[in-house]
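Welcome! Take a moment to look over the sequence and the model, and then let us walk through some of their features together.

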Amino acid sequence: MIDVPANLARVQERIRRAAERAGRAPEGILLVGVSKLVDVERIRSAVAAGLPALGENRVQEANEKIRHLGRPVPWHLVGHLQTNKARDAVLLFDVIQSVDRLELARELHRRAAAAGKVVDVLVQVNVAGERTKGGFAPEEIKGALEELAGLSGLSVRGLMTIPPAVESAELARGWFRRLRELRDAAGLLHLSMGMSGDFEVAVEEGATMVRVGTAIFGPRPR
Ligand SMILES: *Cc1c(COP(=O)(O)O)cnc(C)c1O
């Protein structure tokens, strides 16, 4: 049996300790519970136990869950978004963390403007330049942000990354540091980085949002 409230409490405690080590206030770190493939009862128990935000990686799946659960906390989109789903994403999500190309940004702007909304977004960075991953290369960020600043339907709040898979969390530290440098250079607030295997290192390196699935909800069904 997975005890979601107990898992959540442990994750919150680990965030608090990592923040303390870094001389940071734990209140400055938003825990986004990534609930992809997790059933609504389990999600409900996490929210009831104090999980402050939810993350999903597919529009359709999020749509169904939001129909069941409503919006007790903000919903974040953390996965790749097809351009033809931009309209639904604008209506469903409070934050779109995975803006990984200009074509998508322009379409989100168009759809947000049409809906009379301004959508909070993060710009996804392919921090290691991996061929298989989406996101802007570090050297593209400055130009991309200039273009995004002209899109009134979007409010760019920060940067997000999924670093290369590594064998120990400590090996991700350099990528987290790199993303923080890019965020500082861009003068943005938020830094979304760190997952179940490495969120403490991410907090030590300045994460303001961590995206944690397995450590809260247990292993995902495959
Ligand atoms: C699934 C996912 C997570 C959470 O991963 P865990 O290892 O289960 O914590 C975080 N971010 C993104 C983008 C994801 O797709």
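Helices (H or I, at least four residues) and strands (E, at least two) are DSSP runs, numbered from the N terminus. With that in hand, H76 can be placed in strand β3, residues 75–77. Please keep in mind that this model is predicted: local features need pLDDT of at least 70, side-chain atom pairs count only at pLDDT 80 or more, and totals for chains, interfaces and linings use all residues. Residues are numbered from 1 along each chain as its sequence is written, and side-chain values use heavy atoms, with hydrogens and water left out.

**The ligand and its surroundings**

Which residues surround the ligand? They are V34, K36, V78, I162, M195, S196, R211, V212, G213, T214 and R220, where a residue is near a molecule if one of its heavy atoms lies within 4 Å of it. This shell divides into five nonpolar, three polar and three charged residues. Here Ala, Val, Leu, Ile, Met, Phe, Trp, Tyr, Cys and Pro count as nonpolar, Asp, Glu, Lys and Arg as charged, and the others, Gly among them, as polar.

Oxygen atoms of the ligand pair with polar side-chain atoms of the protein, as the table shows for K36, T214 and R220.

| Side chain | Distance to a ligand oxygen atom |
|---|---|
| K36 | 2.6 Å |
| T214 | 2.5 Å |
| R220 | 2.8 Å |

Taken alone, the ligand exposes 390 Å², and the protein buries 88% of that. Accessible areas come from the Shrake-Rupley method with a 1.4 Å probe; for residues, only the protein chains shown count as cover.

The ligand takes up the space of the largest pocket. On a 1 Å grid over the protein atoms alone, a pocket is an open set of points with protein on both sides within 12 Å along at least five of seven lines. A molecule sits in a pocket if more than half of its atoms lie within 2 Å of its grid points.

**A residue with a positive phi**

L37 belongs to the loop between β1 (30–34) and α2 (40–48). Although L37 is not a glycine, it has a positive phi of about 65°. Most residues other than glycine have a negative phi. Is L37 buried, exposed or partly exposed? L37 is partly exposed, because its relative accessible area is 49%, and the cut-offs are under 20% for buried and over 50% for exposed, with partly exposed in between (1.4 Å probe, protein chains only).

**Residues in strands**

Back in β3, H76 counts as buried because its relative accessibility is 2%. The C-alpha atoms of H76 and D94 are separated by 6.0 Å, and these residues are 18 apart along the chain.

Q97 is found in strand β4 (residues 95–99). Its relative accessible area is 0%, so Q97 is buried. From C-alpha to C-alpha, Q97 and F176 are 16 Å apart in space, with their positions 79 residues apart in sequence counted as the separation.

H190 is in strand β7 (residues 190–192) and, at 17% relative accessibility, counts as buried. What does the side chain of H190 make a polar contact with? The partner is the side chain of T208, at 2.7 Å. A polar contact is a pair of N or O atoms within 3.5 Å; within protein, one must be able to donate a hydrogen and the other to accept it, and residues adjacent in sequence count only if both atoms are side-chain atoms.

**Residues in helices**

R16 lies in helix α1 (residues 4–21) and is partly exposed, with a relative accessible area of 33%. The side chains of R16 and E13 are joined by a polar contact of 2.9 Å.

A62 is found in helix α3 (residues 59–69), where it counts as buried at 0% relative accessibility.

Conventions:
On a 1 Å grid over the protein atoms alone, a cavity is a set of points where a 1.4 Å probe fits but cannot get out, and a pocket is an open set with protein on both sides within 12 Å along at least five of seven lines; lining residues have an atom within 4 Å of a point.
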